[in-house]
Amino acid sequence: MSEYAVAVDLGGTQLRAALVDAQANILLREEVKTAAQAGPDVVVGQIVELVNAVLRQCTDKLILGIGISSPGPLDTKKGIALSLPTISGFTEYPLGAELRLRLPYAVQLENDGIAAAIGEWKFGAGVGFQNVVFVTVSTGIGGGVIVDGHVMRGRRGMAGHVGHMAVVQNGARCNCGNTGCIEAYAAGPAFTARARARAAIEKTLLAKDCESRDVFAAAKMGDDLAVSMVQEEAHYLAMGFTSLLHLYSPDVLIMGGGLSNEFGMLHPLIDTYVQDNAMAAFKSVPIVKAKLGGNAGLVGASRLVFEGI
Ligand SMILES: [Zn+2]
């Protein structure tokens, strides 16, 4: 009899649950908007409801367990959400214990960046490698690291918060409380905020309420401001990526998240920076686009169940 996992991807805006098979096919999917301001009891209720909605549709199937990808920082060893910046009320909250009380199968929790890294490692752009760095560039910047064929979790399971490497001295305040983090410069909201501020005062095709994709579209048309915005974005990302190459010596560095939709434009600029700045022995490490798109977290959460990793 085939075996299945239920995977949950808890995000700041969307909450998704899916039935995933051992080959990482997503067979059923349920989705709601996360009640991000309603407090942990409501959000846990949403998770339970969504998982049960999936389970009701597959009563004939052998379910091995439930894997959950959650924003961090999350102490995955104790199952405690420490302070989730995107969902209110999750401060020192026993997420694992609450879910185990209310769900009918074994529950495994993972920080979302690590879950997505596992997904890409096992079924995406990292297949076949022993050393993988995954970076997602979206509303925030997160990631996860695979070293010597093992998931790097670190103290309390919180390793791999790659978005909070500082790249600017006395820089902008980050959501995490630090200043100058790469997330505060290269994540989607920071990118569009800079573009909008400059569009208000410079000659450009860009509107004052432009979105990220508008900036890339205008850059393709040769708009000077948009081109310089894309170059600046690539520069920030490449600063971070170069540090990650030096830190972890990956076989491959994978970029995912919404901004990776523009990988074709960003990659040559990132590569130029790496060629100019990385140590010689690291210049040839491939930097590639993620393959699983928005499903990386669900696939990774399902591997927690199938492989116990
Ligand atoms: Zn930060």
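In this predicted model, Val133 has Val145 as its bridge partner in strand 10. That pair belongs to a longer run of contacts, since strand 9 and strand 10 (residues 141-147) are joined by six bridges and run antiparallel. Just three residues sit between the two strands, and together they make a hairpin.

On top of its hairpin partner, strand 9 pairs with strand 12 (residues 252-256), this time in the parallel sense and over five bridges. Two of the matched positions can be picked out by name: Phe134 has Ile254 as its bridge partner, and Thr136 stands opposite Gly256. How enclosed is strand 9 by the rest of the structure? Strand 9 covers residues 132-137, and five of these six residues are buried, so the strand is largely enclosed.

Strand 12 is mostly covered too, with five of its five residues buried. In a regular strand, side chains alternate between the two faces of the sheet. Here Val252, Ile254 and Gly256 point one way, while Leu253 and Met255 point the other way, and all are buried. Strand 12 also pairs with strand 13 (residues 287-289), where three bridges hold a parallel arrangement. In that pairing, Leu253 is matched with Ile287 of strand 13.

Next comes the packing around these strands. The largest nonpolar core has 47 residues, and the ones that touch the most other members are Val135, Ile141, Val215, Leu237, Phe241 and Ile270. Which elements each supply at least two residues of this core? Among the strands, they are strand 9, strand 10 and strand 12. The helices on the list are helix 4, helix 5 (188-199), helix 6 (212-220), helix 7 (224-248) and helix 8 (263-277). Helix 7 gives the most, with eleven residues. Phe241 is a handy place to look in the structure: leaving out residues up to four places away in sequence, Phe241 touches Val135, Leu253, Met255, Ile270 and Ile287. Apart from this core lies another one, of 30 residues, which includes Tyr4, Ile47, Ile68 and Leu84.

Ala186 is worth a stop as well. This residue is found in helix 4 (residues 183-186). Is Ala186 buried or exposed? Its relative accessibility is 0%, so Ala186 counts as buried; the cut-off for that label is under 20%. Setting aside neighbours within four places in sequence, Ala186 is in contact with Val137, Ile141, Glu233, Tyr236 and Leu237. Phe306, by contrast, lies 120 residues from Ala186 along the chain, and the C-alpha atoms of the two are separated by 34 Å.

Now for the open sheet, where five strands line up in the order 3-2-1-4-8 with mixed pairing. Strand 3 (26-33) and strand 8 (107-111) stand at the edges with a single partner strand each, so one side of each is left without a neighbour in the sheet. Neighbouring strands of this sheet are turned by 20° against each other on average, direction ignored. Within the sheet, strand 1 (residues 3-10) and strand 2 (residues 14-21) run antiparallel and are joined by seven bridges. One of the matched pairs there is Leu10 with Leu15 of strand 2.

Two helices lie across strands of this sheet. Helix 1 lies across strand 1, strand 2, strand 3 and strand 4 (62-70), and runs at about 30° to strand 2. Helix 2 lies across strand 4 and strand 8, running at about 150° to strand 8.

How do the two helices pack against each other? Two packed helices are described by the angle between their axes and the distance between the axes. Helix 1 (residues 40-56) and helix 2 (residues 95-102) pack at an angle of about 45°, with their axes 10 Å apart. That angle makes helix 1 oblique to helix 2, and the crossing is right-handed. Looking at the residues that meet, helix 1 brings Asp41, Val44, Gly45, Ile47 and Val48, and helix 2 brings Leu95, Glu98, Leu99 and Arg102. Ile47 turns up in the 30-residue core as well.

Methods:
Residues numbered from 1 in each chain as written. Predicted model: local features only at pLDDT ≥ 70, side-chain atom pairs only at ≥ 80, totals over all residues. Heavy atoms only, no water. Buried < 20%, exposed > 50% of the residue type's maximum accessible area, 1.4 Å probe, protein only. Helix = DSSP H or I, 4+ residues; strand = E, 2+ residues; numbered from the N terminus. Pairing = 2+ DSSP bridges. Contact = heavy atoms within 4.5 Å. Core = buried A, V, L, I, M, F, W, Y, C linked by side-chain atoms within 4.5 Å. Axes fitted to C-alpha atoms, helices over the stretch in contact; angles between N-to-C directions. Parallel < 35°, antiparallel > 145°, perpendicular 65-115°, else oblique. Left-handed = near helix turned anticlockwise from the far one by under 90°.
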